[in-house]
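Here is a friendly walk through one structure, from a pocket to a sheet and on to a few single residues. Have the model open beside you as you read.

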Amino acid sequence: PELVEELATAWRQAVRLRTHDFLGKPGVLLSGGADSRGMLFALENRSRAACITFYDEPNPELATARRLASAAGAEHQAWQRDPEFYGESAAETVRISGGTWSLAHGHQTGFLDRLDGLGLGTLMTGCCADWMFKGLSFNRQAPGILRWKLPVTRLARFAHEHYVPHYRLRAPWQAAIVQRLGAWALAATVLQ
């Protein structure tokens, strides 16, 4: 219980720091999950929030997001992606990310004009919180039998690619990247 309260306090503080009134209206990319739900309900003044849910077809997650926004007293908009959404926004996703994102992760890219039109001061997404809840930032591996993965995980050796695989470059560029990532990891450890 103590760790849960510490996490909740840290979460509320992080949201408060990013949603001061002087920053403008906060936006929340709201799904039905614990990650974005935590963002919305950590807001001190939920009625100021604009909640947006992206969806392909109406589904239980969209219905949950609508109920959550209603319970919070927040505005909610549901924006439907067409079947070509990711393909049509691929060039913009590559431009924005400098080619470092997977096109499948450009969830907002095709909606940038609409998002800009909302005049939000802050736009929060629960993606990183989702990674935390799922333990994706831990270096875990699922042991397998032949080609089937077992529904358990175990910690593995440290690797920089914890969620999305990195693509290897030719030497000496790959060695330079690994060295730079190692320096960042060391600096983060020292700063703690």
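The second largest pocket of this predicted model has a volume of about 220 Å³. Its lining is made up of Leu7, Ala10, Trp11, Ala14, Val15, Arg18, Met39, Met124, Cys128, Ala129 and Met132. By class, these lining residues divide into 10 nonpolar, no polar and 1 charged. Two helices, helix 1 (2-18) and helix 7 (127-134), each supply at least two residues of the lining. Helix 1 gives the largest share, with 6 residues.

Stepping back to the whole protein chain, you will find 8 helices and 8 strands. Of its 192 residues, 26% are buried. Among the contacts with a separation of 6 or more, 56% are made by residues 24 or more positions apart.

Now to the sheet. In what order do the 4 strands of the open sheet run? The order is 3-2-1-4, and the pairing is parallel. Strand 3 (75-80) and strand 4 (120-124) each have a single partner strand, so these two stand at the edges, with one side of each left without a neighbour in the sheet. From one strand to the next, the twist averages 25°. Helix 2 (residues 34-42) packs on this sheet and touches strand 1, strand 2 (50-55) and strand 4. The direction of helix 2 makes about 160° with that of strand 1.

Strand 1 (residues 25-29) pairs with strand 4, and strand 1 also pairs with strand 2. The table sets these two pairings side by side.

| Strand pair | Sense | Bridges |
|---|---|---|
| Strand 1 and strand 4 | parallel | 4 bridges |
| Strand 1 and strand 2 | parallel | 3 bridges |

For a residue-level view of the pairings, start at Lys25, whose bridge partner in strand 4 is Leu120. Then move to Leu29, which stands opposite Ile52 in strand 2.

Strand 2 deserves a closer look. Are its residues buried or exposed? In strand 2, 6 of the 6 residues are buried, so this strand is largely enclosed by the rest of the structure. Its side chains are worth following in turn: Ala50, Ile52 and Phe54 point one way, while Cys51, Thr53 and Tyr55 point the other way, and all are buried.

Ile52 also leads us to Gln77, a residue of strand 3. Gln77 and Ile52 are 25 residues apart in sequence, yet their C-alpha atoms are 4.8 Å apart in space. Leaving aside residues up to four places away in sequence, Gln77 touches Cys51, Ile52, Thr53 and Leu118. How open to the surroundings is Gln77, and what is its relative accessible area? The value is 22%, so Gln77 counts as partly exposed, since buried would mean under 20%.

Finally, take a look further along the protein chain, at Pro172. This residue lies in the loop between strand 8 (154-155) and helix 8 (173-191). What kind of peptide bond joins Ala171 and Pro172? The bond is cis, with omega at about 5°.

Methods:
Residues numbered from 1 in each chain as written. Predicted model: local features only at pLDDT ≥ 70, side-chain atom pairs only at ≥ 80, totals over all residues. Heavy atoms only, no water. 1 Å grid on protein atoms, 1.4 Å probe; cavity = no way out; pocket = protein on both sides within 12 Å on 5 of 7 lines; lining within 4 Å. Points joined across faces, edges and corners; volume = space filled by probe spheres on them. Nonpolar A, V, L, I, M, F, W, Y, C, P; charged D, E, K, R; others polar. Pairing = 2+ DSSP bridges. Axes fitted to C-alpha atoms, helices over the stretch in contact; angles between N-to-C directions. Contact = heavy atoms within 4.5 Å. Buried < 20%, exposed > 50% of the residue type's maximum accessible area, 1.4 Å probe, protein only.
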